[in-house]
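Please read the following report with the sequence and the three-dimensional view side by side. Each term is explained where it is needed.

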Amino acid sequence: MCLGLPMQVTAVGADGAGEVSFDGIRQAVNLSLVENPRPGDYVIVHAGFAIEKLDVAEADERIAMFRELAGLNAGPAP
Amino acid sequence: MTDYVDAFRDPAAARALAARVRAAAAALPPGRVARLMEVCGTHTMAIGRAGLRRLLPDTVDLVSGPGCPVCVTSPGYVDAAVGLARRGVTVATFGDLLHVPGSETSLAGARAEGGRVEICHSPERALEIARAEPGREVVFLAVGFETTAAPVVSLAPMARAAGVRNLSMLVAFKRIPPALDALARDPDVRIDGFLCPAHVSAIIGADAYEPFVAAHRLPCVIAGFEPLDILGGVESLLRQVAAGQARVENQYARVVRPGGNRLAQRRLDECLEPADADWRGIGALPGSGWRLRPEWAEFDAERRHGIAVKPGRESPGCRCGDVLRGKRKPTECPLFRRGCDPSRPVGPCMVSSEGACAAWFRYG
């Protein structure tokens with residue numbers, strides 16, 4: 001019930017209506033709980049509502065950290 | 001490529017993080033086992049699915065908590081929903097609740113008897129159902145924590161704006177911080193640190209855990225639901241436990257802000273006021289739930305249909321209550337795999353896709 005996934009906003013309509021894309025599949029979403037949603041934003045979608053925006057810079061920084069960590073420890077799988 | 005999902009599941013990074021977790025665990029005092037509670041059922045499921053327990057040393061014990069909304073819903077709530085379905089009301093619900101046993105039967109049972117029970121992936125679906133049949137009463141089963149409460153309660157202003165008059169909600173929302181407080185006060189529970197839920201925290205904010213940490217001196221680390229997020233969260237908790245520290249750490253800053261989601265908080269505050277709530281396995285906790293504010297009374301299903309949710313009767317032998325407080329592992333319940341499994345669940349922890357028993361059954 002509570003798994004929320006990051007999806008990309010593809011359209012912003014009136015009264016909180018919007019559309020998001022995940023893995024190439026588009027679906028309707030309610031955007032009324034996030035500030036100033038724009039096409040291209042990533043949002044966490046839970047129960048058909050965007051519940052927060054994803055901070056892309058923060059996410060990219062963490063991904064870079066994980067890649068570095070993986071590279072430093074590269075070796076045969078246990 | 002699923003953006004911002006796969007990158008947090010990378011196996012090589014997971015192995016590297018697991019090595020860091022082992023190093024952090026090695027700094028624990030000799031003989032000490034760190035008992036860390038993943039509060040949220042989605043964490044429980046993710047830990048099982050990714051096989052993370054097998055990456056952890058024996059000195060780290062991950063314990064499941066009460067953060068599965070379906071699991072903590074009382075049997076009396078299911079009874080009330082079944083009663084509505086039997087009275088000819090359309091009951092609209094998230095799918096997780098369908099097979100949860102009430103005192104006598106489940107909503108699936110009520111549906112088999114001919115009751116109308118509609119599964120919704122979004123509360124907005126309930127609005128569509130109500131609009132399609134204006135002559136029929138529709139009740140949405142409004143369970144969930146802060147994350148779910150904000151979207152679900154949005155139904156009230158949306159229905160009012162749309163002039164929909166045949167929709168109401170059976171409200172049993174619950175709040176996570178009072179549950180953490182109850183667990184920390186329970187002398188039988190003994191947890192060394194909490195892995196705090198990802199998306200509840202997105203709503204309430206990282207700062208919301210500060211009073212808890214100040215009161216109980218227990219570390220709280222917010223982590224996302226992906227394997228690398230969880231391993232990073234466990235590492236942070238272990239470092240704090242080993243160093244005897246207790247602070248709030250936000251390891252999910254890509255989504256969780258210090259003050260949380262203000263718009264969602266405003267929506268919650270606009271529609272709901274604090275109320276006592278009954279938690280299966282934990283009992284009644286003052287101020288741990290919400291009810292609709294009087295200005296939204298027309299959306300209150302109890303009032304509208306003249307019913308009251310009673311405590312109900314738990315299945316005898318079921319130990320979900322102990323499992324939800326981390327007092328017992330699912331495998332320590334006498335019914336686990338012996339009369340209770342996902343095809344014939346006795347207790348809610350085996351029913352829900354986020355239940356600890358279902359996770360242990362599936363992934364061990």
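A residue is called buried if 20 or more other C-beta atoms lie within 10 Å of its own, exposed if 12 or fewer do, and partly exposed in between, with the C-beta atoms placed from the backbone. Helices (H or I, at least four residues) and strands (E, at least two) are DSSP runs, numbered from the N terminus. The model is predicted, and local features need pLDDT of at least 70, side-chain atom pairs count only at pLDDT 80 or more, while totals for chains, interfaces and linings use all residues. Residues are numbered from 1 along each chain as its sequence is written, and chains are lettered from A and ligands numbered from 1 in the order in which they are written.

**Helix α1 of chain B**

In α1(B), the buried residues are A13(B), A14(B), A16(B), L17(B), A18(B), V21(B), A24(B) and A25(B). They pack against α1 (56-72) of chain A, and also against β2 (60-67) and α11 (227-243) of chain B; here two residues are in contact if their C-beta atoms, placed from the backbone, lie within 7 Å. The expected span of a helix is 1.5 Å times one less than its number of residues. For the 16 residues of helix α1 (residues 11-26) of chain B this gives 22 Å, and the end C-alpha atoms are 22 Å apart, which agrees.

**Chain A and its partner**

Chain A has one helix and five strands, which follow one another along the sequence as β-β-β-β-β-α. Of its 78 residues, 40% count as buried. How many residues of chain A are in contact with chain B? There are 35 of them, and they meet 42 residues of chain B. Two or more residues each are given to this side of chain A by β1 (5-12), β4 (42-46), β5 (49-53) and α1 of chain A, and the largest share, eight residues, comes from α1(A). By type, the residues on this side divide into 22 nonpolar, seven polar and six charged, where Ala, Val, Leu, Ile, Met, Phe, Trp, Tyr, Cys and Pro count as nonpolar, Asp, Glu, Lys and Arg as charged, and the others, Gly among them, as polar.

**Two sheets in chain B**

Two strands pair if DSSP finds at least two bridges between them. Angles run from 0 to 180 degrees between N-to-C directions, using axes that are lines fitted to C-alpha atoms, for helices over the stretch in contact. An open sheet of five strands has the order β2-β1-β7-β8-β9 in chain B, with parallel pairing. Its edges are β2 and β9 (248-250) of chain B, each with a single partner strand, so one side of each is left without a neighbour in the sheet. The twist averages 20° from one strand to the next.

An open sheet of four strands, also with parallel pairing, has the order β4-β3-β5-β6 in chain B. At its edges stand β4 (117-119) and β6 (167-173) of chain B, and neighbouring strands are turned by 25° against each other on average, direction ignored.

The table lists three of the strand pairs in chain B, each of which runs parallel.

| Strand pair | Bridges | Citation |
|---|---|---|
| β1(B) and β2(B) | six bridges, parallel | first pair |
| β7(B) and β8(B) | three bridges, parallel | second pair |
| β3(B) and β5(B) | three bridges, parallel | third pair |In the first of these pairs, the bridge partner of C40(B) in β2(B) is G67(B), and in β5(B) V139(B) stands opposite V91(B).

**Helix α2 and the core**

Is helix α2 (residues 41-50) of chain B largely enclosed or open? Eight of its ten residues are buried, so α2(B) is largely enclosed by the rest of the structure. What covers these buried residues includes β1 (34-40), β2, β7 (193-196), α11 and α16 (356-363) of chain B. The helix α2(B) lies across β1, β2 and β7 of chain B, and runs at about 115° to β1(B).

A nonpolar core is a set of buried Ala, Val, Leu, Ile, Met, Phe, Trp, Tyr and Cys residues joined through C-beta atoms within 7 Å. In the largest one, which has 152 residues, A81(B) and F140(B) touch the most other members, and α1(B) gives the most to this core, with eight residues. Leaving aside neighbours within four places in sequence, A81(B) is in contact with V91(B), L107(B), L141(B) and L170(B).
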